[in-house]
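Trainee: I would like to take a close look at a single part of this model. Could you walk me through it slowly?

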Amino acid sequence: MVLPQGLLVCQTLQIMFAGTPYVMSLLPRGDCALCCQTVLEDDIVFTTHFRTGASLRAGVAAGAPQLDPNKPTVVYVHGFTEQGSGASASTIRKAYFATGRDVNFVTMDWSRLCSFPWYSNAVANVPVAGSYLARFLERLFEDGVDPATTHVVGFSLGAEVAGVTGQELQRRYRLGRITGLDPAFPLFRWTRRDGRLSEDDAQFVDVIHTDAGGLGVRRAIGHADFYPNGGRPQQPGCSAKELRETGHYPHEFLTCSHTRAWVYYAESVLRPADFVALRCESQRDFRSGRCEQDLLRANFQPANQTVVAAMGLDAPRSCRGSYFLETNDQFPFARGLSIRSAENLDDLE
C-alpha cells in the first residue's frame with residue numbers, strides 16, 4: 001500500500017552528524033509496500049545557479065527561463081542521503097564560478113527519493129529520477145540548449161541516474177558528456193547496461209574511481225576510466241590514523257575514499273590540467289614503470305596524445321581506456337604538472 005505524502009512518517013528531515021548534513025525519512029518513497037507516494041514535481045527539484053550567488057527554481061513544465069542557451073550547461077546530480085545544496089554540489093558549483101567559467105549550472109535535488117536509511121529503495125528510484133531528469137533536459141533542448149554542450153556530472157547513485165538519463169534521451173537527443181564520480185557499486189553489480197551508467201549513454205563518458213569494490217564500481221564502464229591511487233580504498237589521507245590527525249575520524253572513515261571522487265573533480269575545475277594520468281592496463285603496470293615506457297615510445301606524437309590525459313574537467317574526449325595516477329594526501333591533491341607543457345618523460349617526475 002502506497003501511503004499519502006502528507007503523513008508524518010513520509011516527511012524527510014535533515015540530520016547533522018559530526019557537522020555533515022544527511023537527509024533521512026521514517027519511510028521511503030517509491031513503489032513498494034508501505035512506501036510513501038512519489039510526486040515527482042515536489043520530490044525532484046531543479047535549481048539554476050548564477051555567479052552572483054542568486055538561484056532560481058526550474059522545472060519540467062517551466063523550463064529554466066533565466067538560462068542562457070548559448071552557454072554550455074552543467075547539471076550536477078548528488079548521491080545517496082545528500083541534497084542539492086549539500087557539500088558535493090556546492091563545492092563543485094563554487095569551483096566553476098570561482099574560475100570564471102561561463103556556464104549554466106543546474107543542480108538536481110532528488111533527496112526525497114534517496115534518503116537514509118533506504119538505500120535499496122533509492123536504487124529502485126534511480127530509473128524514476130533518471131527519466132525525470134531526461135524530461136527536464138528535453139525541455140531545455142526545446143528551448144535552445146545544445147545537447148552536445150550539455151554535461152551531466154553525477155556522484156555515486158547520481159552517476160547511475162545520469163546513465164539512465166542519457167539512455168532515455170537517445171530517442172531524440174545525444175548528450176555531449178557524462179562524468180561519473182565513483183558510480184555506485186552496491187546492488188549494481190549484476191545490473192544490465194540499460195539500468196546503470198555505461199559508455200553508451202553520451203558522446204563521451206568519463207569515470208573517476210576512488211572506492212572501487214567498496215561503495216564504488218570497480219570495472220571500467222566509460223570511454224575513459226581514471227583510477228587515482230589505483231582507484232581503491234583507502235585513498236591517501238583516508239586511513240584511520242590520518243583522519244584522526246585531521247579530526248575527521250570516525251565519521252568520515254567509511255566514506256572518505258568514496259567522496260574523494262567529487263573532491264578530485266572539484267579541484268580539477270580549479271586546476272584543469274594538473275591531475276595527469278597515464279593510460280595503462282593495471283595499477284601494477286603503472287607502478288612498475290611499464291606505462292612510462294609506453295609514453296616514451298609514443299613520443300608525444302599527435303596520434304598518441306591520449307597516452308597522457310588530464311583527469312576531471314579537462315579529460316580529452318579522444319581518450320580511451322584506463323588511466324592511472326597518484327595524488328597527494330591533502331589539498332592540493334593534484335601533483336601539479338600541466339600536461340600542456342609536458343614534452344618528455346622528465347617532465348613527469
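Where does Asn-229 lie?

Mentor: Happy to help! Keep in mind as we go that this is a predicted model. Asn-229 lies in the loop between S10 and H5. To place that loop along the chain, strand S10 covers 224-228 and helix H5 covers 240-246.

Let's begin with the backbone of your residue. Asn-229 is not a glycine, and yet it has a positive phi of about 55°. Now for its surroundings: the relative accessible area of Asn-229 is 18%, and buried means under 20%, so Asn-229 counts as buried.

Another residue of this loop is worth a stop. Gly-231 is also found between strand S10 and helix H5. Its relative accessibility is 0%, so Gly-231 is buried. What does Gly-231 touch, once its neighbours within four places in sequence are set aside? Its contacts are His-209, Thr-210, Asp-211 and Ala-212. There is also a pairing across the sequence to look for: Gly-231 and Phe-324 are 93 residues apart in sequence, while their C-alpha atoms are 8.2 Å apart in space. If you want to find that partner, strand S13 covers 321-325.

Walking on along the loop, we come to a feature of the peptide bond itself. Pro-233 and Gln-234 are joined by a cis peptide bond, with omega at about 0°. Gln-234 belongs to the loop between S10 and H5 as well. For your notes, a cis peptide bond also joins Phe-331 and Pro-332, where omega is about -5°. Pro-332 is in the segment after strand S13.

It helps to set your residue beside one from another loop. Leu-187 is found between strand S8 (177-181) and strand S9 (204-208). Leu-187 is not a glycine either, and its phi is positive, at about 70°. Is Leu-187 buried or exposed? With a relative accessibility of 54%, Leu-187 counts as exposed, whereas Asn-229 is buried.

Now let's see what burial looks like in a helix. Helix H6 covers residues 256-270. Of its 15 residues, 12 are buried, so H6 is largely enclosed by the rest of the structure. Among those buried residues are Cys-256, His-258, Arg-260, Trp-262, Tyr-265 and Glu-267. You can check the helix length too: at 1.5 Å a residue, H6 should span 21 Å, and its end C-alpha atoms are 21 Å apart, which agrees.

H6 has a helix for a neighbour. The axes of H6 and helix H2 (residues 87-98) come within 8 Å and cross at roughly 10°. That angle makes H2 roughly parallel to H6. On the H2 side, the contact is made by Ala-87, Ser-88, Thr-91, Ile-92, Ala-95, Tyr-96 and Ala-98. Trp-262, Tyr-265, Ala-266, Val-269 and Leu-270 make the contact on the H6 side. Together these residues divide into 10 nonpolar, 2 polar and no charged.

One last stop shows a buried residue in a strand. Thr-107 is found in strand S6, which covers residues 104-109. Its relative accessible area is 3%, so Thr-107 is buried. The side chains of Thr-107 and His-49 are joined by a polar contact of 2.8 Å. Leaving out residues up to four places away in sequence, Thr-107 touches several others, including Val-45, Phe-46, Tyr-76 and Ala-89.

Terms used:
Residues are numbered from 1 along each chain as its sequence is written. This is a predicted model: local features need pLDDT of at least 70, side-chain atom pairs count only at pLDDT 80 or more; totals for chains, interfaces and linings use all residues. Side-chain values use heavy atoms; hydrogens and water are left out. Helices (H or I, at least four residues) and strands (E, at least two) are DSSP runs, numbered from the N terminus. Buried means under 20% relative accessible area, exposed over 50%, partly exposed in between (1.4 Å probe, protein chains only). A polar contact is a pair of N or O atoms within 3.5 Å; within protein, one must be able to donate a hydrogen and the other to accept it, and residues adjacent in sequence count only if both atoms are side-chain atoms. Contact means heavy atoms within 4.5 Å. The expected span of a helix is 1.5 Å times one less than its number of residues. Axes are lines fitted to C-alpha atoms, for helices over the stretch in contact, and angles run from 0 to 180 degrees between N-to-C directions. Angles under 35 degrees count as roughly parallel, over 145 as roughly antiparallel, 65 to 115 as roughly perpendicular and the rest as oblique. Ala, Val, Leu, Ile, Met, Phe, Trp, Tyr, Cys and Pro count as nonpolar, Asp, Glu, Lys and Arg as charged, and the others, Gly among them, as polar.
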